[in-house]
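Student: I would like a close look at one part of this chain, the helical part and how its pieces pack against one another. Please take me through it in one connected account, and then set it against the rest of the fold.

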Amino acid sequence: MKRFLHRATLAVAVSAIAATVPSSLAPMRAQSQPLLLSQNVNFKPPDVTAPGNRQGGTHRGSKRCPAGLSITPLVPPTNIGLTLTESPTIFVYVPQTSAEIEFTLLNDTEDKVIYEKTFKLGKSGIVGVSIPATGNNKSLEVGKRYVWSFSMVCDPQDRSADLVVKGFVQRIEPQATLKRDLANPDPMTRLNVYATNGIWYETLATLAQMRRQTPGDAKLTAKWTQLLQSQGLESVAAQPLVGPL
């Protein structure tokens, strides 16, 4: 009789435990779903660094460039970004100013100009400067590092007064698996492929293009904000895109 009662008690206990298993596993399954991948752009910086900084230095101020004005290039804290293309787009935030902005791309020793462009913006915002792949300009070569700079020309008669920021770009050759993944026609898929493989300039350019195509898309705006904040660029994350050059 005691043996029977022991077995009955054990059976009831096992049944009770079994009844609780589905409810305890359900939240774990929900947490394992890749929800963050659909909400955030998870950029993974490559293991490369470069000298310099991405913040403009202080200046004494002038009519065109009041004291405290600064320009901010959109580049990771490492001050370098990778690209797969010979003609990447470099993004920069420019405040309201009457000064010209000069973009320059040089070789890694900074003794040869690859491309130059001077522009003005009618309002403050983030603009992308695309490096041409054709014409008289030599395209970026695989495996080489290049230096770019944005200079706010505060006094055309005294270029030492320029407000300058510098960064780097390096073109790499994509491996077969990366090429295969990027062959997907879905732009959101390609965006995530670029981000998870640490391809900064295409990550930013792809997301910027998507935002221009659907400017009212709150999800894309959130992705853009999250991406910039993840790279320490929260100060310009809410600034508008004012168009490519």
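**The helices and their surroundings**

Tutor: In this predicted model, the cover over the buried residues of H4 includes helix H3 (176–182) and H5. The buried residues in question are Leu 191, Val 193, Tyr 194 and Ala 195 of H4. H4 itself spans residues 187–196 and H5 spans residues 200–213, and after H4 comes Gly 198, which has a positive phi near 70 degrees.

Two packed helices are described by the angle between their axes and the distance between the axes. For H4 and H5, the axes come within 8 Å of each other and cross at roughly 155 degrees. Since angles over 145 degrees count as roughly antiparallel, H4 is therefore roughly antiparallel to H5. The crossing in which H4 passes H5 is left-handed. On the H4 side, the residues that make this contact are Pro 187, Met 188, Leu 191, Tyr 194 and Ala 195, while H5 contributes Glu 202, Thr 203, Thr 206, Leu 207 and Met 210. Sorted by class, the residues of this contact are seven nonpolar, two polar and one charged. Leu 191, Tyr 194 and Ala 195 thus appear both in the list of buried residues of H4 and in the contact with H5.

Thr 206 offers a view of this contact from a single position in helix H5. Its relative accessibility is 16%, and because buried means under 20%, Thr 206 counts as buried. Leaving out residues up to four places away in sequence, Thr 206 touches Pro 187, Leu 191 and Tyr 194, and these three residues belong to the H4 side of the contact with H5.

H5 also packs against helix H6 (residues 218–230), with the axes 10 Å apart and an angle of about 155 degrees. H5 and H6 are therefore roughly antiparallel to each other, and H5 passes H6 in a left-handed crossing. Here Trp 200, Thr 203, Leu 204, Leu 207, Ala 208, Met 210 and Arg 211 of H5 meet Leu 220, Thr 221, Lys 223, Trp 224, Leu 227 and Leu 228 of H6. This contact of H5 with H6 divides into nine nonpolar, two polar and two charged residues. Thr 203, Leu 207 and Met 210 of H5 take part both in the contact with H4 and in the contact with H6.

From H6 the account can be carried over to a strand, by way of Ile 126 in strand E6 (residues 125–130). Ile 126 is buried, with a relative accessible area of 0%. Apart from residues up to four places away in sequence, Ile 126 touches Leu 74, Phe 91, Val 92, Tyr 93, Trp 224, Leu 228, Val 236, Gln 239, Pro 240, Leu 241, Val 242 and Gly 243. Among these, Trp 224 and Leu 228 are residues of H6 that also meet H5. Leu 241 lies 115 residues from Ile 126 in sequence, yet their C-alpha atoms are 4.8 Å apart in space.

Several loop positions complete the picture. Ser 87, in the loop between E2 and strand E3 (89–94), is partly exposed, with a relative accessible area of 25%. Beyond its neighbours within four places in sequence, Ser 87 is in contact with Ile 131, Pro 132 and Ala 133. The C-alpha atoms of Ser 87 and Arg 171 are 9.6 Å apart, across 84 residues of sequence. Asn 79, in the loop between strand E1 (72–73) and strand E2 (80–83), has a positive phi of about 70 degrees although it is not a glycine, and Asn 79 is buried at a relative accessible area of 2%. Glu 110, in the loop between strand E4 (100–107) and strand E5 (113–119), also has a positive phi, near 60 degrees, but Glu 110 is partly exposed, with a relative accessible area of 37%.

As for the whole chain, there are six helices and nine strands. Buried residues make up 39% of its 245 residues. Of the contacts between residues at least 6 apart in sequence, 68% join residues at least 24 apart. The chain exposes about 13400 Å², of which carbon and sulfur atoms supply 54%.

Conventions. Residues numbered from 1 in each chain as written. Predicted model: local features only at pLDDT ≥ 70, side-chain atom pairs only at ≥ 80, totals over all residues. Heavy atoms only, no water. Axes fitted to C-alpha atoms, helices over the stretch in contact; angles between N-to-C directions. Helix = DSSP H or I, 4+ residues; strand = E, 2+ residues; numbered from the N terminus. Parallel < 35°, antiparallel > 145°, perpendicular 65-115°, else oblique. Left-handed = near helix turned anticlockwise from the far one by under 90°. Contact = heavy atoms within 4.5 Å. Nonpolar A, V, L, I, M, F, W, Y, C, P; charged D, E, K, R; others polar. Buried < 20%, exposed > 50% of the residue type's maximum accessible area, 1.4 Å probe, protein only. Areas by Shrake-Rupley, 256 points an atom, 1.4 Å probe, with all protein chains shown as cover.
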